[in-house]
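User: Could you take a close look at the salt bridges in this model for me? I'd like to know where they sit and what surrounds them.

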Amino acid sequence: TVDRDVLTRLVERADDTEKETEIVTQMLLLGASSKMIEEIFSINPREVAIRKRVLNIDKKQGRWQELDDEKDHQLYYAWKKKIQEHQLDTDDLMEMAKICMILASEHNLPMAMIWQAMEKWITVIK
């Protein structure tokens, strides 16, 4: 006999894992850092490095440069508007990652640069 509850949970878990893999892949393609992936998904840097290699993404060495003041202000106001429009919780890493993905796509910047700025913005607004 098959325990339907157990089977349902297994299928749901597989779906969740697949969705997480898709999000991580998208984030890496948008320039997320290993540190970000580890912080949000608890995936260790070695695993992230393997995923980057599979996706043929060059490893970034060192720190990302900071945004210039004009770009920082522009992104801050776009970020703040999205936070207010969608009533997002700045303590929710997944919500912040999604906003970061959107901004990275819209402004053609690596997620790691935007994430670094977002961490500063969050401390300022609290």
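Analyst: Here's a walk through the salt bridges, followed by some surface and backbone details.

A quick word on ground rules: this is a predicted model, so local features need pLDDT of at least 70, side-chain atom pairs count only at pLDDT 80 or more, and totals for chains, interfaces and linings use all residues. Residues are numbered from 1 along each chain as its sequence is written, and side-chain values use heavy atoms, with hydrogens and water left out.

On confidence (pLDDT is the predictor's confidence in each residue, from 0 to 100), the protein chain has a mean of 89, and 96% of its residues reach 70 or more. Confidence is lowest in α1, with a mean of 87, and highest in α5, at 94. Those labels come from DSSP runs, numbered from the N terminus: helices are H or I with at least four residues, strands E with at least two.

Now the pairs themselves. Searching the whole structure turns up three salt bridges, a salt bridge being a side-chain nitrogen of Lys or Arg within 4 Å of a carboxyl oxygen of Asp or Glu. The background is simple: side chains of opposite charge can pair when their charged atoms come close.

Start with R51 and E47, whose side chains meet at 3.1 Å, N to O. Both belong to helix α3 (residues 45–54), and because they're four residues apart there, about one helical turn separates them. E47 is partly exposed, at 32% relative accessible area; for that scale, buried means under 20%, exposed over 50%, and partly exposed in between (1.4 Å probe, protein chains only).

K81 and E85 tell a similar story in helix α4 (residues 69–86): they too are four residues apart, so about one helical turn lies between them. Their closest N and O atoms are 3.9 Å apart. E85 is partly exposed, with 49% relative accessibility.

The remaining salt bridge joins E106 to K82, at 3.6 Å from N to O. Here E106 lies in helix α5 (residues 93–107) and K82 in helix α4, so the pair ties together parts that are 24 residues apart in sequence. K82 counts as buried, at 16% relative accessibility.

While we're in helix α5, I102 has its place there too, and it's partly exposed at 37% relative accessibility. I102 and E85 are 17 residues apart along the chain, with 14 Å between their C-alpha atoms.

Elsewhere, there's a negative surface patch made up of E12, D15, D16, E18, E20 and E22. Patch members have over 30% relative accessible area and no salt bridge, with like charges joined within 9 Å and nonpolar side chains (Val, Leu, Ile, Met, Phe, Trp, Tyr) within 5 Å. One of the patch residues, D15, lies in helix α1 (residues 4–29) and is partly exposed at 38% relative accessibility.

Finally, two backbone oddities. Most residues other than glycine have a negative phi. S42, though not a glycine, has a positive phi of about 60°; it sits in the loop between α2 (34–41) and α3 and is exposed at 64% relative accessibility. N56, also a residue other than glycine, has a positive phi near 60°. N56 is in the loop between α3 and α4, and it's exposed as well, with a relative accessible area of 69%.

Notes. Accessible areas come from the Shrake-Rupley method with a 1.4 Å probe; for residues, only the protein chains shown count as cover. Lys and Arg count as positive and Asp and Glu as negative; His and the chain ends are not counted. The place of a charge is taken as NZ of Lys, CZ of Arg, CG of Asp or CD of Glu.
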